[in-house]
Amino acid sequence: MIKLELIFIRHGRTAANEARQFTGWSHTPLSLSGQAEAQEKRAALRSFLPAQGVLVSPLYRCIETARILFPEFRPIIFPEFVERGFGRFEGKNLAENSRDEEFARWLDDRQLWPGGMESDEHLVERLDTGLKRVTRLALAAAHTVDESLFNGFTTAEQRILPLETVAALEKDLRFLVVCHGGVIGSLCRTYGKGYEDILSFPDNLEPLAFYFDLDSQTEKLSFSSIRMAEDFSNWPVEEEL
């Protein structure tokens, strides 16, 4: 059984965040203060290294954040981890959108999805697809073979590793995921019992860890627990997998 740790980090602040706008799928860069804050928290967040990779939403604010925090990694784009789409309500703040009757009805009934907004059902479905992609990536990383295993082997037959040796290669894994508040909130409501009411946490650049058990035989991913930013008693962490 492989222990899989996904450290989700919400992107740095943007001008749209500072104006409290619904940003959704819009490409917005980090603000100057957001860049400075990312530099300030860089050392703390890098204490989650080593990791097997950095996964990012395709929106620029996430790619920019990952480049500041983990420049040695080539980010792996995960379109499934893009922010919820807010349709025609993007680029406006709550007060502006609340003057729209359809938006006001959505605030009262979250089963309505007016104006091209992405539904909870669609969001959860694509996040599940994203986690399945992470599973395949993790399985490949878990069975990486060190050439030292073959020292002294001279024939091709000798280089075929027995199944018990392959199983022993499995290791615990950690991936860093730079994405969005809406994505993290949805994952909390889907997997985190007791976290159902979280809508857009953690704050910008705060870590939240999801722990899963991954069965390499069945490729089944089972949720284990969540660790919030405030639960990292020694955050920034010093432990390594």
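**Backbone exceptions, sheet order and helix packing in a predicted model**

Arg20 is exposed, its relative accessible area of 68% lying above the 50% cut-off, and this residue of the predicted model is placed in the loop between H1 and H2. Although Arg20 is not a glycine, its phi is positive, at about 60°. Most residues other than glycine have a negative phi, and most peptide bonds are trans. A second positive phi, of about 70°, is found at Leu205, which is likewise not a glycine and which lies in the loop between H8 and S5. In contrast to Arg20, which is exposed, Leu205 is buried, with a relative accessible area of 0%. A further backbone feature concerns the peptide bond from Leu49 to Pro50, which is cis, with omega near 5°; Pro50 itself is situated in the loop between H2 and S2.

The chain as a whole comprises eight helices and six strands, which follow one another from the N terminus in the order β-α-α-β-α-β-α-α-α-α-β-α-β-β. Of the 241 residues in the chain, 45% are buried. Among contacts with a sequence separation of 6 or more, 70% are accounted for by residues 24 or more positions apart.

The six strands are assembled into an open sheet of mixed pairing, in which the order is S3-S2-S4-S1-S5-S6. Strand S3 (76-77) and strand S6 (220-227) occupy the edges, and because each has a single partner strand, one side of each remains without a neighbour in the sheet. Within this arrangement, strand S2 (residues 53-56) and strand S4 (residues 173-179) pair in the parallel sense over four bridges, and Val54 has Leu176 of S4 as its bridge partner. Helix H8 (residues 181-191) lies across four strands of the sheet, namely strand S1 (2-10), S4, strand S5 (207-215) and S6, and runs at about 50° to S5.

Helix H8 also packs against helix H6 (residues 120-142), the two axes coming within 10 Å of each other and crossing at roughly 90°. This angle falls in the range of 65 to 115 degrees, and H6 and H8 are therefore roughly perpendicular to each other. On the side of H6 the contact is formed by Asp120, Leu123, Val124, Leu127, Asp128 and Leu131, while H8 contributes Gly182, Val183, Ser186, Leu187, Arg189, Thr190 and Tyr191. By residue class, the contact of H6 with H8 consists of seven nonpolar, three polar and three charged residues.

A further helix pair is formed by H2 and helix H3 (residues 60-69), which pack at an angle of about 50° with their axes 9 Å apart. At that angle H2 is oblique to H3, and the crossing of the two helices is right-handed. The participating residues are Gln35, Ala38, Gln39, Arg42 and Leu45 from H2, together with Glu64, Ile68 and Leu69 from H3. The residues of this contact of H2 with H3 are divided into four nonpolar, two polar and two charged.

The loop between H1 and H2, in which Arg20 is placed, also contains Thr23 and Pro29, the flanking elements being helix H1 (15-18) and helix H2 (32-45). Thr23 has a relative accessibility of 9% and therefore counts as buried, the cut-off being 20%. When neighbours within four places in sequence are left aside, Thr23 is in contact with Ala16, Asn17, Thr28, Arg61 and Glu90. Pro29, by comparison, counts as partly exposed, because its relative accessibility of 46% lies between the limits of 20% and 50%. With residues up to four places away in sequence not counted, Pro29 touches Thr14, Ala15, Tyr60 and Glu64; of these, Glu64 is also one of the H3 residues in the contact with H2. Arg61, which is among the contacts of Thr23, is separated from Pro29 by 32 residues in sequence, yet the C-alpha atoms of Pro29 and Arg61 are 4.9 Å apart in space.

Definitions and conventions. Residues are numbered from 1 along each chain as its sequence is written. This is a predicted model: local features need pLDDT of at least 70, side-chain atom pairs count only at pLDDT 80 or more; totals for chains, interfaces and linings use all residues. Side-chain values use heavy atoms; hydrogens and water are left out. Two strands pair if DSSP finds at least two bridges between them. Contact means heavy atoms within 4.5 Å. Axes are lines fitted to C-alpha atoms, for helices over the stretch in contact, and angles run from 0 to 180 degrees between N-to-C directions. Buried means under 20% relative accessible area, exposed over 50%, partly exposed in between (1.4 Å probe, protein chains only). Angles under 35 degrees count as roughly parallel, over 145 as roughly antiparallel, 65 to 115 as roughly perpendicular and the rest as oblique. A crossing is left-handed if the near helix is turned anticlockwise from the far one by less than a right angle, and right-handed if clockwise. Ala, Val, Leu, Ile, Met, Phe, Trp, Tyr, Cys and Pro count as nonpolar, Asp, Glu, Lys and Arg as charged, and the others, Gly among them, as polar.
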